[in-house]
Amino acid sequence: MLLLISSLKLIVEIALLSLFGQWVLGLLAGQKKDSNVFYKLLEVLSKPFVQIARLITPKVVIDRHVPLVAFLLLVFAWLIVTWSKVNHCIRIGVEMCQ
């Protein structure tokens, strides 16, 4: 169970960091972000989570805001998974979680 929780936490953290990195790189690169290799790599990493966010958001949300929605959903997922990991570690003993 600990392996499953830790794996989910890792996936959420990678997605969060890729969305955050894509945002920062977009600010730094400006209009040339579409030709930036690292921006494209981060876009590929975060694309599944952005698509899931697009599926669950209403159509009135413009496409430009969907990555922000995905980021916020991932923050909530990270909080839930972290809370679950802490509870699990308290239940089985902190020594078993190291």
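Partly exposed, on this tour, means a relative accessible area between the buried limit of under 20% and the exposed limit of over 50%. The model is predicted.

**Stop 1: serine 7**

Select serine 7, in helix 1. Is this residue buried or exposed? Neither: the relative accessible area of serine 7 is 32%, so serine 7 is partly exposed. Now add valine 81. The two residues are 74 apart in sequence. Their C-alpha atoms are 9.8 Å apart in space. Valine 81 is one of the buried residues of helix 3.

**Stop 2: helix 1 as a whole**

Select residues 2-29, which form helix 1. This helix has 28 residues. Put a distance between its first and last C-alpha atoms: helix 1 reaches 40 Å, close to the 40 Å expected at 1.5 Å a residue.

Next, colour the buried residues of helix 1. They are Ile5, Lys9, Val12, Ala15, Leu16, Ser18, Leu19, Gln22, Leu25 and Gly26. What do they pack against? Helix 2 and helix 3. For the spacing of such positions, recall that an α-helix has 3.6 residues a turn, so residues three or four places apart point the same way.

Step past the end of the helix. Glycine 30 follows helix 1, and its phi is positive, near 70 degrees.

**Stop 3: the largest nonpolar core**

Show side chains for Val12, Ala15, Leu16, Leu19, Val50, Ala53, Val66, Ala70 and Leu74. These 9 residues make up the largest nonpolar core. Helix 1, helix 2 (37-56) and helix 3 (66-92) each supply at least two of its residues. Which helix gives the largest share? Helix 1, with 4 residues.

Centre on valine 12. Setting aside residues up to four places away in sequence, valine 12 touches Leu74, Ala77 and Trp78. Of these, Leu74 also belongs to the core.

**Stop 4: serine 18 and leucine 42**

Stay on helix 1 and select serine 18. Its relative accessibility is 3%, so serine 18 counts as buried. Beyond its neighbours within four places in sequence, serine 18 is in contact with Leu42, Leu45 and Ser46.

Follow the first of those names across to helix 2, where leucine 42 lies. Leucine 42 has 19% relative accessibility and counts as buried, because the cut-off is under 20%. With neighbours within four places in sequence left aside, which residues does leucine 42 contact? Ser18, Gly21, Gln22 and Leu25.

Two distances from leucine 42 are worth drawing. Leucine 16 is 26 residues away along the chain, with 11 Å between the C-alpha atoms. Glycine 21 is 21 residues away along the chain, with 7.1 Å between the C-alpha atoms.

Click on glycine 21 itself, in helix 1. At a relative accessible area of 21%, glycine 21 is partly exposed.

**Stop 5: where helix 2 meets helix 3**

Hide helix 1. Two packed helices are described by the angle between their axes and the distance between the axes. Helix 2 and helix 3 pack at an angle of about 100 degrees, and their axes are 8 Å apart. That angle makes helix 2 roughly perpendicular to helix 3.

Select the contact. Helix 2 contributes Phe49, Val50, Ala53, Arg54 and Ile56. Helix 3 contributes Val66, Pro67, Val69, Ala70, Leu73 and Leu74. How do these residues divide by type? They are 10 nonpolar, no polar and 1 charged.

Zoom in on leucine 73, on the helix 3 side. Leucine 73 counts as partly exposed, at 36% relative accessibility. Leaving aside neighbours within four places in sequence, leucine 73 is in contact with Ala53 and Ile56. Phenylalanine 49 is 24 residues from leucine 73 in sequence. The C-alpha atoms of that pair are 9.2 Å apart in space.

**Stop 6: along helix 3**

Finish with helix 3. Its 27 residues should span 39 Å at 1.5 Å a residue, and the end C-alpha atoms are 38 Å apart, which agrees.

Colour the buried residues: Val66, Ala70, Leu74, Val81, His88 and Cys89. They pack against helix 1 and helix 2. Val66, Ala70 and Leu74 are also members of the largest nonpolar core.

Last selection: glycine 93. This glycine follows helix 3, and its phi is positive, near 105 degrees.

Conventions
Residues numbered from 1 in each chain as written. Predicted model: local features only at pLDDT ≥ 70, side-chain atom pairs only at ≥ 80, totals over all residues. Heavy atoms only, no water. Core = buried A, V, L, I, M, F, W, Y, C linked by side-chain atoms within 4.5 Å. Buried < 20%, exposed > 50% of the residue type's maximum accessible area, 1.4 Å probe, protein only. Contact = heavy atoms within 4.5 Å. Expected span 1.5 Å × (residues − 1). Axes fitted to C-alpha atoms, helices over the stretch in contact; angles between N-to-C directions. Parallel < 35°, antiparallel > 145°, perpendicular 65-115°, else oblique. Nonpolar A, V, L, I, M, F, W, Y, C, P; charged D, E, K, R; others polar.
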